[in-house]
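Hi there,

Here is the structure I promised to pass on to you. Have a look at it first, and my notes follow below.

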Amino acid sequence: MTDDVTEPVMDAVPGGADDEAPARSSEPADVARRLEAILLVVDEPHSLVALAAAVGAPVPAVRQAIETLVADYDGEGAGPRRGFELREVGGGWRLYVREEHDDLVSEFVNAQAPSRLSQAALETLAVIAYKQPVTRSQVASIRAVNVDSVVRTLVARGLITELFTDPDTGAINYGTTDALLVNLGINSLDELPHISPLLDDGAEGFESEVLR
């Protein structure tokens with residue numbers, strides 16, 4: 001009696017050849033579509049290299065796709081000029097609302113937003129007020145949570161604004177606006193209370209342990 005010989009099944013082995021990601025098309029139109037999908041969800045400007053890695057295409061192809069999208073959004077092709085634009089800021093690319101529509105978008109967002117800020121928004125606003133200029137990642141590190149949506153809410157409410165973009169990292173630095181001063185009833189940030197006395201230094205718990 002002969003033993004059965006079982007051939008190895010490659011597609012059943014995790015990490016085998018069939019598990020490799022499918023090759024993505026390098027056709028200009030396909031690269032541009034993938035690039036649009038990424039640009040719709042990023043909150044910070046991304047460099048050509050980072051975008052190329054994200055869409056799986058060579059840097060020259062991504063550069064060409066960006067030029068095509070910029071021209072398309074600006075109405076240089078057959079279509080109309082869009083209400084948004086693809087802009088290079090601090091060495092990176094990101095979609096922005098066109099300046100002439102800033103007031104319209106702010107009014108719409110403010111009309112949709114609740115009158116009261118959430119606890120998360122208040123905590124994020126406090127961090128920015130005391131640490132400004134500060135980046136979104138720095139705020140997230142201090143609060144130990146993702147703050148992307150909260151920062152967008154605060155920008156839309158006109159309480160914080162983009163101050164500048166770091167030329168090396170492309171990270172946007174945020175600061176508070178005069179609207180915050182008005183809401184707090186103060187004339188300058190110097191009038192904010194000193195935060196140290198408001199923090200629990202753990203002394204009370206330490207002393208109770210010592211007395212035991």
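The second largest pocket has 15 lining residues, and L117, L122, L125, L180 and L184 are the ones nearest its centre. A pocket here is an open set of points on a 1 Å grid over the protein atoms alone, where a 1.4 Å probe fits, with protein on both sides within 12 Å along at least five of seven lines; lining residues have an atom within 4 Å of a point. Please keep in mind that this is a predicted model, in which local features need pLDDT of at least 70 and side-chain atom pairs count only at pLDDT 80 or more, while totals for chains, interfaces and linings use all residues. Residues are numbered from 1 along each chain as its sequence is written, and side-chain values use heavy atoms, with hydrogens and water left out.

The space in this second pocket comes to about 320 Å³, a volume being the space filled by probe spheres set on grid points joined across faces, edges and corners. α5 and α8 (178–184) each supply at least two lining residues, with α5 giving the most, 5 residues. Helices (H or I, at least four residues) and strands (E, at least two) are DSSP runs, numbered from the N terminus. By class, this lining has 11 nonpolar, 2 polar and 2 charged residues; Ala, Val, Leu, Ile, Met, Phe, Trp, Tyr, Cys and Pro count as nonpolar, Asp, Glu, Lys and Arg as charged, and the others, Gly among them, as polar.

The largest pocket has a volume of about 1000 Å³. Its lining has 31 residues, and R94, Y96, V97, V155 and E162 lie nearest the centre. β4 contributes the most to that lining, with 6 residues. The split there is 18 nonpolar, 5 polar and 8 charged.

β4 also belongs to an open sheet of 3 strands, in the order β3-β5-β4 with antiparallel pairing; strands pair if DSSP finds at least two bridges between them. The edge strands are β3 (134–135) and β4 (160–165). Between β3 and β5 (residues 172–176) there are 2 bridges, and V134 stands opposite Y174.

Back to α5 (residues 119–131): its axis comes within 10 Å of that of α6 (residues 136–143), and the two cross at roughly 115°. Axes are lines fitted to C-alpha atoms, for helices over the stretch in contact, with angles from 0 to 180 degrees between N-to-C directions. In α5, the residues that meet α6 include V127 and I128, and their partners in α6 include V139 and I142; contact means heavy atoms within 4.5 Å.

Best wishes
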